[in-house]
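The following report describes a single protein chain, moving from its overall build to its core and then to a few individual residues.

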Amino acid sequence: QVQLVESGGGTVQAGGSLTLSCVASARNFTIGDMGWYRQAPGNQRELVATITRGANTNYEDSVKGRFTITRDNAKNTINQQTNSRKPESAAIYYCNCSARRMSSLQSLSDYWGQGTQVTVTS
């Protein structure tokens, strides 16, 4: 019903650039906020950034000034861009959205993609 597909992961050298994309397929659903989260080995999943339908953003402190998140409501797509990847940014990055069936009066539910791996080498 609601599917999120991430792409753009891979291996990048420290200081390199990388762009991640997420496409949401949610026919007959209303999508609210979307965002990027990440989980590194041995760590809990953490927020990277969120973005509302009005393009208001919220960034985790460690990525402020380095990461940029954008959204295209017409295509139900969000992107994550950075010009300089640090070794500590290596993780599996997950796309998230809140959504609700348009005919439902229930509250919004969270949906997750399968994740895309980012590896940073020296």
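How many helices and how many strands are there in the chain? There are zero helices and 11 strands, where helices (H or I, at least four residues) and strands (E, at least two) are DSSP runs numbered from the N terminus. The order of elements from the N terminus is accordingly β-β-β-β-β-β-β-β-β-β-β. The radius of gyration, taken over C-alpha atoms, is 14 Å, close to the 14 Å that the globule rule (2.2 Å times the number of residues to the power 0.38) gives for 122 residues, so the chain is as compact as a globular protein of that length.

This is a predicted model, in which local features need pLDDT of at least 70 and side-chain atom pairs count only at pLDDT 80 or more, whereas totals for chains, interfaces and linings use all residues. Residues are numbered from 1 along each chain as its sequence is written, and side-chain values use heavy atoms, with hydrogens and water left out.

**Overall build**

Along its principal axes the C-alpha trace spans about 50 × 25 × 20 Å. Of the 122 residues, 38% count as buried, with buried meaning under 20% relative accessible area, exposed over 50%, and partly exposed in between (1.4 Å probe, protein chains only). Where contact means heavy atoms within 4.5 Å, 57% of the contacts between residues at least 6 apart in sequence join residues at least 24 apart. The chain exposes about 6,800 Å², of which carbon and sulfur atoms supply 43%; accessible areas come from the Shrake-Rupley method with a 1.4 Å probe, and for residues only the protein chains shown count as cover.

**The nonpolar core**

A nonpolar core is a set of buried Ala, Val, Leu, Ile, Met, Phe, Trp, Tyr and Cys residues joined through side-chain atoms within 4.5 Å. The largest such core holds 28 residues, among which Met 34, Trp 36 and Tyr 93 touch the most other members. Two or more residues of this core come from each of strand E3 (18–25), strand E4 (29–39), strand E5 (46–51), strand E7 (67–72), strand E9 (91–101) and strand E11 (116–121), and E9 gives the most, with five residues. Leaving aside neighbours within four places in sequence, the contacts of Met 34 include Leu 4, Cys 22, Ile 51, Ile 78 and Cys 95, as well as Arg 71 and Asn 76.

**Individual residues**

The table sets out four residues by location and accessibility.

| Residue | Location | Relative accessible area |
|---|---|---|
| Asn 28 | loop between E3 and E4 | 45%, partly exposed |
| Ala 55 | loop between E5 and strand E6 (57–59) | 48%, partly exposed |
| Ser 98 | strand E9 | 11%, buried |
| Thr 11 | strand E2 (residues 10–13) | 59%, exposed |

Asn 28 has a positive phi of about 70 degrees although it is not a glycine, and Ala 55, also a residue other than glycine, has a positive phi near 75 degrees.

Which residues does Ser 98 touch, not counting residues up to four places away in sequence? Ser 98 touches Thr 30, Ile 31, Gly 32 and Asp 33, together with Leu 108, Ser 109 and Asp 110.

For Thr 11, the contacts beyond neighbours within four places in sequence are with Thr 119 and Thr 121. The C-alpha atoms of Thr 11 and Gln 117 are separated by 8.3 Å, although these residues are 106 residues apart along the chain.
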